[in-house]
Amino acid sequence: MPDDLVFMMGNFEARIPQDRVYSKSHLWLLPQEDHYRVGFTAYSVRLLQDVYFLDWFIDPFTVVREKQKIGEIESSKALSDLFSPSEGKILEFNEALLNDPSAINQSDNYDKGWLFEMESDAQWLTPPEYLQLLDSVWEQTQRIIKGQLN
């Protein structure tokens, strides 16, 4: 397997494993047999910081449309809505995270920190394409973080 790609967020390394694909909304999608396992990228985890609450507004086996609100997450930074990365069907949620979402914050967020599984025919970003997306938005993201965006 190829080495992870790395995007530098200041002094922080955001790993981009090359065994999966990515959404423009900073989710990773690991192909399974006929669906994807989905989770937050290291980039999004770094921006959220410590996640301590997660809730879903839909049930498993729900058909969703792209950008449909499916839940919310609370972190030390903010309470944020969670949206479907594409049209498809949500199959299952990682129930372990409902009681203890700390796996999202850990270095194994690409393993135990998965959020849900879904079926989708969407076209996703390859790891190099995702790295390019991060590079293109990083300057604006830094201004937002620092509160300098007008």
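**A friendly tour of a predicted model**

H26 is buried in this predicted model, with a relative accessible area of 16%. This residue sits in the loop between β3 (21-22) and β4, and its phi angle is positive, about 65 degrees, although H26 is not a glycine. H26 is also among the residues that lie nearest the centre of the largest pocket, which makes the pocket a good place to begin.

**The largest pocket**

- The volume of the largest pocket is about 600 Å³.
- Its lining is made of 30 residues, and those nearest the centre are S23, K24, S25, H26 and L27.
- Which elements each supply at least two residues of the lining? They are α1 (42-48), β8 (69-75) and β9 (79-83).
- By chemical type, the lining residues divide into 17 nonpolar, nine polar and four charged.
- S25, one of the residues nearest the pocket centre, belongs to the loop between β3 and β4.
- With 43% relative accessibility, S25 counts as partly exposed, whereas H26 is buried.
- S25 and S86 are 61 residues apart along the chain, and their C-alpha atoms are separated by 9.9 Å.

**The annotated domain**

- The UniProt record, an unreviewed entry, places a feature called "domain: Lipoyl-binding" at residues 35-119.
- Across residues 35-119, the chain is 14% helix and 42% strand.
- The C-alpha atoms at the two ends of this stretch are 5 Å apart.

**The nonpolar cores**

- As general background, nonpolar side chains in soluble globular proteins tend to be buried together.
- Here, the largest nonpolar core has 24 residues, and F40, I104, L115 and F116 are the ones that touch the most other members.
- Two or more residues of this core come from each of β4 (27-31), β5 (36-40), α1, β6 (51-56), β8, β10 (88-93) and β11 (116-119).
- There is also a second, separate core of 16 residues, which includes M9, Y22, Y110 and L125.
- Which residues does F116 contact once its neighbours within four places in sequence are left aside? The list is Y36, R37, V38, W56, I70, P85, I90, E92 and F93.

**Buried residues and their contacts**

- S75 lies in strand β8 and is buried, with a relative accessible area of 4%.
- Not counting residues up to four places away in sequence, S75 touches L48, D50, V51 and Y52.
- N109 has its place in the loop between α2 (95-99) and β11.
- Is N109 buried or exposed? N109 is buried, because its relative accessible area is 5% and the cut-off for buried is under 20%.
- Beyond residues up to four places away in sequence, N109 touches W28, F40, T41, A42, V45, A103, I104 and W114.
- Among these contacts of N109 are F40 and I104, which you met above as residues of the largest nonpolar core.

**Another positive phi angle**

- Q49 has a positive phi of about 70 degrees although it is not a glycine.
- You can find Q49 in the loop between α1 and β6.
- Q49 counts as partly exposed, at 36% relative accessibility.

**Exposed residues**

- G10 has its place in the loop between β1 (5-9) and β2 (12-16).
- With a relative accessible area of 51%, G10 is exposed.
- How many residues apart along the chain are G10 and W138? They are 128 residues apart, and their C-alpha atoms are separated by 10.0 Å.
- E139 is part of helix α3 (residues 127-145).
- E139 is exposed, with a relative accessible area of 57%.
- From E139 to L47, the distance is 92 residues in sequence and 14 Å in space, C-alpha to C-alpha.

**A strand residue to look up**

- L30 is found in strand β4.
- Leaving aside neighbours within four places in sequence, L30 is in contact with D19, R20, H35, Y36 and R37.
- Y36 and R37 are also on the contact list of F116, so it is worth finding them in the structure.
- L30 and N99 are 69 residues apart in sequence, and 23 Å apart in space from C-alpha to C-alpha.

Key
Residues numbered from 1 in each chain as written. Predicted model: local features only at pLDDT ≥ 70, side-chain atom pairs only at ≥ 80, totals over all residues. Heavy atoms only, no water. 1 Å grid on protein atoms, 1.4 Å probe; cavity = no way out; pocket = protein on both sides within 12 Å on 5 of 7 lines; lining within 4 Å. Points joined across faces, edges and corners; volume = space filled by probe spheres on them. Helix = DSSP H or I, 4+ residues; strand = E, 2+ residues; numbered from the N terminus. Nonpolar A, V, L, I, M, F, W, Y, C, P; charged D, E, K, R; others polar. UniProt positions renumbered as here; feature names shortened; annotations may be inferred. Core = buried A, V, L, I, M, F, W, Y, C linked by side-chain atoms within 4.5 Å. Buried < 20%, exposed > 50% of the residue type's maximum accessible area, 1.4 Å probe, protein only. Contact = heavy atoms within 4.5 Å.
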